[in-house]
Amino acid sequence: LRNLLAQHEVNVANYYMRRGAFVAAANRARYVVENYQQTPAMPEALVLMAKSYKVLELDELSNDALRVLEINFPNYPGIEEVKETRVH
């Protein structure tokens, strides 16, 4: 049940990213990181946090999320995705 709830939050955050609601996406992703730490959705939530903060030009927060992702999930494909994200 926890895995489903976490994945739902990530799905909503992805929807917000597509719609350009980057603050809402970051908040949903942060909720997963804070409340569902042992779920498979965790690395994707960190990617979403890092990407949304990067787009919002909150570089310190983006770098923090990316650092946590790299330490805990060093081979996760989303790491490169975050690094390639461009600021609008």
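Start your tour by selecting helix α4, residues 59-72: at 1.5 Å a residue, its 14 residues should span 20 Å, and its end C-alpha atoms are indeed 20 Å apart, which agrees. The expected span here is 1.5 Å times one less than the number of residues. Helices on this tour are DSSP runs (H or I, at least four residues; strands are E, at least two), numbered from the N terminus.

Before going on, note that this is a predicted model, in which local features need pLDDT of at least 70 and side-chain atom pairs count only at pLDDT 80 or more, while totals for chains, interfaces and linings use all residues. Residues are numbered from 1 along each chain as its sequence is written, and side-chain values use heavy atoms, with hydrogens and water left out.

**Stop 1: the two sides of α4**

Stay with α4 and select Ser62, Ala65, Leu66 and Leu69, which are buried. Buried means under 20% relative accessible area, exposed means over 50%, and partly exposed lies in between (1.4 Å probe, protein chains only). Now turn the view until you look down the axis of α4: the buried residues fall within an arc of 100°, so they line one face of the helix. That arc is taken from the directions from the helix axis to the C-beta atoms. An α-helix has 3.6 residues a turn, so residues three or four places apart point the same way.

Which residues are exposed on the other side of α4? Select Glu60 and Ile71 to see them. Then show α3 (42-55) and α5 (78-84), which are among what covers the buried residues of α4.

**Stop 2: salt bridges that start in α4**

Side chains of opposite charge can pair when their charged atoms come close. A search of the whole structure finds five salt bridges; each is a side-chain nitrogen of Lys or Arg within 4 Å of a carboxyl oxygen of Asp or Glu.

Select Asp64 and Arg67 for one of them, with the closest N and O atoms 2.4 Å apart. These two residues are three apart in helix α4, so about one helical turn separates them. Asp64 is partly exposed at 31% relative accessible area, and Arg67 is partly exposed at 44%.

Next, select Lys83 and Glu70, whose side chains meet in a salt bridge of 3.3 Å, N to O. This pair links distant parts of the chain, with Lys83 in helix α5 and Glu70 in helix α4, 13 residues apart. Lys83 has a relative accessible area of 44% and is partly exposed; Glu70, at 31%, is partly exposed too.

**Stop 3: Lys51, between α3 and α5**

Move to Lys51 in helix α3. Is Lys51 buried or exposed? At 17% relative accessibility, Lys51 counts as buried. Its salt-bridge partner is Glu81, at 2.7 Å from N to O. Lys51 lies in helix α3 and Glu81 in helix α5, so the pair ties together parts that are 30 residues apart in sequence. Glu81 is partly exposed, with a relative accessible area of 36%.

Now show what surrounds Lys51. Leaving aside neighbours within four places in sequence, Lys51 is in contact with Met17, Glu81, Val82 and Thr85. Contact means heavy atoms within 4.5 Å.

**Stop 4: Arg28 in α2**

Select Arg28, which sits in helix α2 (residues 22-35) and counts as partly exposed at 26% relative accessibility. Which residues does Arg28 touch beyond its neighbours within four places in sequence? They are Glu9, Val12, Ala13 and Tyr16. With Glu9, the side chain of Arg28 makes a polar contact of 2.9 Å. A polar contact is a pair of N or O atoms within 3.5 Å; within protein, one must be able to donate a hydrogen and the other to accept it, and residues adjacent in sequence count only if both atoms are side-chain atoms.

You can also draw a line from Arg28 to Asn11: the two are 17 residues apart in sequence and 9.3 Å apart in space, C-alpha to C-alpha.

**Stop 5: the aromatic pairs**

The last stop is for rings, as the structure holds two aromatic pairs. Select Tyr15 and Tyr16, a tilted pair at 5.9 Å centre to centre with 50° between the planes. Rings of Phe, Tyr and Trp (its six-membered ring) pair if their centres lie within 6.5 Å; planes under 30 degrees apart count as stacked, over 60 as edge-to-face and the rest as tilted. Tyr15 is partly exposed at 40% relative accessibility, and Tyr16 is partly exposed at 24%.

Finish with Tyr31 and Tyr36, an edge-to-face pair at 6.0 Å centre to centre with 70° between the planes. Tyr31 is partly exposed, at 38% relative accessible area, whereas Tyr36 is buried, at 10%.
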